[in-house]
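This report goes through the strands, a helix, the cysteines and two single residues of one chain.

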Amino acid sequence: MPNRKMIALRTLELSYHPLLEQVIKDDYYPLTKQTQLSCLSDQEISRLLEQITLPVICHPTLPSQYYLLAPATDFLFLKQCSHAMTQQVQLNIYPLDEAEAIIETLSFIHPCLQHGLLITSLQNISKRYKLAKKHQLSPPTKKKMAVIADTSPTAIRH
């Protein structure tokens with residue numbers, strides 16, 4: 001069972017675990033566009049960061065540093081926002097001897113599960129948008145969601 005800890009982003013010293021670094025070195029992620037970041041409000045950035053828990057181990061020789069045990073693209077994306085540096089993030093700190101098992105689960109099993117669940121994500125967003133409008137809620141505009149998703153507003157339909 002990992003220990004949980006909240007830490008200020010401005011003090012977080014984080015790098016990929018050497019094994020994870022080797023496993024993900026050929027991963028491809030599209031470059032983040034400034035427009036994707038700039039359309040997020042400080043409050044949205046805070047809410048998104050509150051949902052992130054980073055799986056880590058303590059660096060074996062540098063006690064103030066952590067090794068990340070999973071790709072954290074959403075975290076690294078949000079960390080680019082200046083407001084993010086005023087926030088905290090939650091860490092799950094695992095024992096050193098569990099690092100390889102955690103890397104395996106979070107680098108292979110979790111993405112396979114996510115792939116199956118995310119295939120229809122834009123369709124689900126569209127359905128949620130319509131239902132929110134129906135119930136007189138104020139969802140983000142399709143244009144804003146499209147910018148964040150790096151797609152066109154017409155892609156958010158079902």
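In which sense do β2 and strand β4 pair, and over how many bridges? The model is a predicted one, and in it β2 and β4 (residues 65-68) pair in the parallel sense over four bridges. One residue pair can be named for this contact: serine 15 has tyrosine 67 in β4 as its bridge partner.

**The sheet**

β2 and β4 belong to an open sheet of five strands, whose order is β1-β5-β3-β4-β2 and whose pairing is mixed. The edges are taken by β1 (3-8) and β2 (13-16); each has a single partner strand, so one side of each lacks a neighbour in the sheet. From one strand to the next, the twist averages 45 degrees.

Strands of a sheet pair through backbone hydrogen bonds, in either a parallel or an antiparallel sense. Three of the pairings in this sheet are tabulated below.

| Strand pair | Sense | Bridges |
|---|---|---|
| β2 and β4 | parallel | four bridges |
| β3 and β5 | parallel | four bridges |
| β3 and β4 | antiparallel | three bridges |

Strand β3 covers residues 53-58 and strand β5 residues 88-93. Valine 56 stands opposite isoleucine 93 in β5, and also opposite leucine 68 in β4. The connection from β3 to β4 is a hairpin, with six residues between the two strands.

**Helix α5**

Does the length of helix α5 agree or disagree with the span expected at 1.5 Å a residue? The helix runs over residues 99-118, and its 20 residues should span 28 Å; the end C-alpha atoms are 27 Å apart, which agrees. There is nevertheless a bend of about 30 degrees at histidine 110, and a proline, proline 111, follows within four residues.

The buried residues of α5 are Ala99, Ile102, Ile103 and Ser107. An α-helix has 3.6 residues a turn, so residues three or four places apart point the same way. The buried residues of α5 pack against α1 (18-23) and against β3, the strand that pairs with β5 and with β4.

**Cysteines**

The structure holds zero disulfides. Cysteine 39 is in no disulfide, and the nearest cysteine sulfur, that of cysteine 81, is 9.3 Å away. Cysteine 81 is likewise in no disulfide, with the sulfur of cysteine 39 as the nearest cysteine sulfur. A disulfide requires the two sulfur atoms to be within 2.5 Å. As for surroundings, cysteine 39 has 23% relative accessibility and so counts as partly exposed, whereas cysteine 81, at 8%, counts as buried.

**Two single residues**

Serine 46 lies in helix α3 (residues 42-50). Is serine 46 buried or exposed? Serine 46 is buried, because its relative accessible area is 13% and the cut-off for buried is under 20%. Leaving aside neighbours within four places in sequence, serine 46 is in contact with His83 and Gln87.

Alanine 155 lies in the segment after α7 (142-149). With a relative accessible area of 23%, alanine 155 is partly exposed. Histidine 115 is 40 residues from alanine 155 along the chain, and the C-alpha atoms of the two are separated by 18 Å.

Notes: Residues are numbered from 1 along each chain as its sequence is written. This is a predicted model: local features need pLDDT of at least 70, side-chain atom pairs count only at pLDDT 80 or more; totals for chains, interfaces and linings use all residues. Side-chain values use heavy atoms; hydrogens and water are left out. Two strands pair if DSSP finds at least two bridges between them. Axes are lines fitted to C-alpha atoms, for helices over the stretch in contact, and angles run from 0 to 180 degrees between N-to-C directions. Buried means under 20% relative accessible area, exposed over 50%, partly exposed in between (1.4 Å probe, protein chains only). The expected span of a helix is 1.5 Å times one less than its number of residues. The bend at a residue is the angle between axes fitted to the seven residues ending there and the seven starting there. Contact means heavy atoms within 4.5 Å.
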